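User: Please take a close look at one part of this structure, the pairing of its strands, and explain how that part fits into the chain.

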Amino acid sequence: MAVPKRRTSRSNTRSRRAQWRRAVRGTAPDLVPIVVDGRRYLVPRHLLPAYRSGLLHPEG
């Protein structure tokens with residue numbers, strides 16, 4: 001495991017964390033169309049298997 005040689009300033013730490021958060025949360029999830037009971041919904045791609053198997057319902 002890497003160990004830093006010296007302490008990082010609070011300003012540097014917070015600016016680095018802010019950049020990381022912006023990169024991770026800045027993009028919207030890919031929405032793909034799915035048809036459930038004859039109605040078309042847009043759902044996130046990573047939840048598609050759950051909708052298809054019936055674990056999740058698009059209306060809530």
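**The strand pair and its surroundings**

Analyst: The chain in this predicted model exposes about 5,900 Å², of which carbon and sulfur atoms supply 52%. Buried residues account for 15% of the 60 residues in the chain. The secondary structure consists of two helices and two strands, and along the sequence these elements follow the pattern α-β-β-α.

The part in question begins with strand β1, residues 31–36, and strand β2, residues 39–44. These two strands pair in the antiparallel sense, with six bridges between them. Within the pair, P33 stands opposite L42 in β2. Together β1 and β2 form a hairpin, with two residues between the strands. In the turn, D37 has a positive phi of about 55°.

The hairpin also contributes to a nonpolar core. The largest such core has six residues, namely V32, I34, Y41, V43, L48 and Y51. At least two residues of this core come from each of β1, β2 and α2, the last of which spans 48–53.

V32 offers a closer view of these surroundings. Leaving aside residues up to four places away in sequence, V32 touches Y41, L42, V43, R45 and L48. Of these partners, Y41, V43 and L48 are also listed with V32 in the largest nonpolar core.

Finally, the contacts of the whole chain may be considered by their separation in sequence. Among contacts with a separation of 6 or more, residues 24 or more positions apart account for 0%.

Technical notes:
Residues numbered from 1 in each chain as written. Predicted model: local features only at pLDDT ≥ 70, side-chain atom pairs only at ≥ 80, totals over all residues. Heavy atoms only, no water. Helix = DSSP H or I, 4+ residues; strand = E, 2+ residues; numbered from the N terminus. Buried < 20%, exposed > 50% of the residue type's maximum accessible area, 1.4 Å probe, protein only. Contact = heavy atoms within 4.5 Å. Areas by Shrake-Rupley, 256 points an atom, 1.4 Å probe, with all protein chains shown as cover. Pairing = 2+ DSSP bridges. Core = buried A, V, L, I, M, F, W, Y, C linked by side-chain atoms within 4.5 Å.
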